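Student: I am new to this structure and would like a close look at a single part of it. Could you walk me through the sheet, one strand at a time?

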Amino acid sequence: MEDFIVAAVKTVIAFALLFTVVLILVWAERRIVAFMQNRLGPTRAGPLGILQTLADGLKLIFKESMTPDRVEVWLYLAAPIMALVPALLIFLVVPIGAPITIGGTEYTLQVTDLNVGVLYVLAMSSMAVYAIALAGWSSGSKYPLIGSVRSAAQMISYEAAMGLALVPVIMFNGTTSLAGIVEAQGATYFGFLPAWNIVLLPSFVVFVIAMFAETNRAPFDLVEAEQEIVGGFHTEYSGFRFALFFLAEYINLFNMSALTVVFFFGGWQGPVFGPTVVQWILPVIYFFAKTFAIVFLFIWVRGTLPRLRYDQLMSFGWKRLIPVSLAWIILAMIAVGIRRFGLPWA
Amino acid sequence: MSETPHNVEGDTEAPVLEPPIQAADEGLDAVERRRAHDIWVAGTEEPDWVAGSTDEGAQELLPRDIDPAVEVQRGLVVDDDYLEEPTVIEDERQIINMGPQHPATHGVLRLHMELEGETVRRVKPIIGYLHTGMEKTAETLSYMQGSTNVTRMDYLSPLNNELCYSLVVEQLLGVEIPPRAQAIRVLMTELNRIASHLIWVATFGMDIGALSMMIYGFREREAILAFFEKVTGLRMNHNYIRPGGVAADLPAGWEEDVEEALDIVRAGLTDYEDLLNGNPIFLDRTQGVGIITPEEAQAYGATGPIARAAGVNFDLRKAFPYSGIEQYEFDVPLGKYGDTHDRYLVRMEEIRQSMRIVEQILETMPPGDYRTEDRKVTPPPRKRIDESMEALIHHFKIFSEGFKVPPGEAYQAVESPRGELGMYLVAKGGSKPWRLHVRTPSFATVQALPVMMTDLIIPDVIATLASLDPVLGDVDR
C-alpha cells in the first residue's frame, strides 16, 4: 500500500513537473529565438512574458475544436492522445536526482526504475510516429497525408541509427537501467575528470542528430514544414487537439534532452557538498541545468539551419549515420573487451 | 476616346515613328546593338563581344565542379502541354493546389501541381488573384498622376516602376533631364535594387527553413527604407520619380545617410554569407535545384537575375543604358548552371555592384536642378507663382489638366531587380495615355516555372519558387 502511495505521489509530481517545464520551454524558445533574430518575443503576459504559454494554452482550450467532414473520426480523435501519452510515459524512467533517504527508507527520484529502461525509452519514442502518421492519414486532406508519409520515411531512417547509437553506452556501462547508467558515470578519471559517457563521442553525435529527427525539430522538421506542406500532419487540427500535439512536441523535446544528459552527461552527477537537504537538491539542479543546456542547443540550431529535404534525410540516415554507428559499435566492443579481459596477448 | 488612334494596325495613314534613339546607342550600329542580346554560356569560350559588354568583362561566379544533379536536370524539356505519360497509372497521381493561400507562394500565386508521391510531374501556375487593372487605370490618370499608379505594381521596387514610366513619357515629350536628376534617379533605383534583393534573400531563407534569415534581411533593408522615407516621405509607393525629373531634391546630409545605410548592408551581407555560403544543408538544398538553361530562359522571356544565373549576359543597364547609368562602372555577374544556388550568388553580387554604383554617385553627384526647366512639364517653384502670371498659369494647367504629350508611341525598358521591366506607351495627344502596356519581369518568370519545377519534389519546388522572386503585384498588375 505504501509503495502504491509513493508511486502515485511521484507520478503526480512528474506530471506537474512536465507541464511546468513545457510552459517554460515554449517561452524560452520564443524568447531565445527572438533574441537571435533581433526581436523581443513575448513580453506582455506576466513578468518577461513568461505567462505567454499559459495564455496561448487557455486560448486554445476555449477555441472550438473543429472536425472536418472527411475525417476518419475515431483515429482523428485518438491521434492527439496517442501523441501525448508516449511523451508522458518516457519521463517516468528518467532519474532527475540522487536517491534520497528519509526515515531509513530510500526513495529514488524517478517514478520507476525499469531494468530495461533503454529499450522502454526507444519503444516509447517510436510510438510517437504512429500518432503523426495516423493524424495525417485520418485528416482526409492532402497536405497532412504528405506529412504523414514523410514522417514514416523519416522514422525508418533515423530510428535504427538512434538505437545503434545507444548500444556502446549499454556495453560501456553494463546496464540498460537508466538509474544504473547514471550511477556508472559517477566515477572520475585521474581524480577530477568526470567519467561521463561523452567519451563515446561518435555515439553522442549520432544520437543528437537522430534526436533532432525524433522530435521533428529543425533542421528535420519536414513533417510539419510550414513553407512546404502548410502544417503537415496537424493542418486539420484546431483548438485543444492541436494543443495536445503542441504539448507532446515540447514534452518530447524536454525528454530527449533529459535522455541525452542521462546517457552522455552523467545525469544528475556533479560535485555534492553541504548539509543533507542541499545534497538532495544539488543533483536535481545539475540535472536540470544540463538538460536546459541541451534544450538551448535545440533552439540554437533551429534559429540557424535551413531545413533538409526528406530524401536527403533518408540518405543521410542510411548512408552516414548507420554505417558510422555500426563501425563505432565494433570499436567500442573491442575497447570494452580489452577493459574487461585485458589485451589478448597479455 | 471613341475613335482609334492613327497608329493602330490597319490604318494606312499611321505616322511613321522613328525608333527612339538613346544617347548611349548613338555610335552603335544595328548589328552591335543586336549583339547585346546575344548570349554566352559562362564556362564556354568567351566571345570577343563579351569583353566589351561590361567594364571588366562578364564575370563568372565561383566556379565549382560539375554537379551530377545539374547534369541530370539540365536539358529535361518539359511537357507543359500536359501530355500523358503512359508509364504512370493515373490513379497514383494526385492534384494539389498550392496557393493562392499558402505560406510560401509569395502572395497569391496558385500552383496547380500533379504529384506522384511527392514528385511534381506537372505544374501549372495560375495567376490573376491580384489583378487590379492598373494598365486600364493608367488610361484614366494624367501623365502627372501616372507614376502613383505604376509605383504600386511591383511593390518591392517601386522606384524602378516610376523610373520606367517617367522615361517612356519623357521619350515622347522629348524633354531633357538635368544631370542631377538623372544621378538621383540612378541612386534611388540602385538603392531600391539593394532593398529588393535583401528582401529576396530574407524570404528565400525563410522558405528553405532558415527562419532567422528572414529577420536579418528585413533588418538591413530597413536602413535603406529609412533613407527612402527621408527623401520621399514614404517607405513604399513613393511617387518620387516623375516625368520631368524627381519630386524633390535630396535632403541635406544625404551622403552620410547613404554611407550609413551602405555600411549596415555591407555588415549584413557578411552575416548572410557566414550563415549560408558554407552551410552544407544550404548547398544541398540549392545546388542543382530548379535549373533553367540559357536557351529556355530566352525562350520563355525570363530576364534579370534568373537569366543571368543561367549565363545569359543581358543586363539592360549595359545593353540599353538609361538615365546616364553608363557613366558608372559596374560588372554584371553571371552564373553558370542556372540553378537556385547561382541565383543566390548572382543576387548577392548584384547587391555589391549596386553598392559600387551608389558609391560612385556619392562622389560624382552633379550640382544643378533636380527637374527639368520646362515649365509645361514640371510645376514652377512656389515663390515664382506670386511673381509671375505665366508661372501661375503653368501651375494651374499642370495640376488641373496635366501636361500634354504629343501623339506617338514609345517603348522603354529598365533593369528592375526582377529583370526587364518595360512599358509601352501609346499617346494620342492630350494629357492621358491612350494605352499603357507593361511588360513585367515577374510575369515572364512565372510562365517559365514549369520548366524549372517539373520532376522536382515539393521542397525543391518551394526553393525554386522562392529563388525566382516573383512579385504577384507585378505579375497581375
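Tutor: Happily; here is a walk through the sheet and the helices beside it. This is a predicted model, in which local features need pLDDT of at least 70, side-chain atom pairs count only at pLDDT 80 or more, and totals for chains, interfaces and linings use all residues. Residues are numbered from 1 along each chain as its sequence is written, chains are lettered from A and ligands numbered from 1 in the order in which they are written, and side-chain values use heavy atoms, with hydrogens and water left out.

First, some vocabulary. Helices (H or I, at least four residues) and strands (E, at least two) are DSSP runs numbered from the N terminus, and two strands pair if DSSP finds at least two bridges between them. In general, strands of a sheet pair through backbone hydrogen bonds, either parallel or antiparallel.

Now to the sheet itself. In chain B, 3 strands form an open sheet in the order β2-β3-β4, with antiparallel pairing. Strands β2 (93-98) and β4 of chain B stand at the edges with a single partner strand each, so one side of each has no neighbour in the sheet. Neighbouring strands here are turned by 20° against each other on average, direction ignored; the axes behind such angles are lines fitted to C-alpha atoms, for helices over the stretch in contact, and angles run from 0 to 180 degrees between N-to-C directions.

Let us take the two pairings in turn. Between β2(B) and β3(B), which run antiparallel, there are 6 bridges. Look for B:Asn97, whose bridge partner in β3(B) is B:His112. On the other side, strand β3 (residues 110-116) of chain B is joined by 7 bridges to strand β4 (residues 119-126) of chain B, again antiparallel. Here B:Leu111 has B:Pro125 in β4(B) as its bridge partner. These two strands, β3(B) and β4(B), make a hairpin with 2 residues between them, and B:Gly117 in the turn has a positive phi of about 65°.

Back at the pairing of β2(B) and β3(B), with its 6 bridges, we can add the helices. Helix α5 (residues 142-173) of chain A packs on the sheet and touches β2 and β3 of chain B, where contact means heavy atoms within 4.5 Å. The direction of α5(A) makes about 115° with that of β2(B). Helix α19 (residues 458-468) of chain B also packs on the sheet, touching β2, β3 and β4 of chain B, and its direction makes about 155° with that of β3(B).
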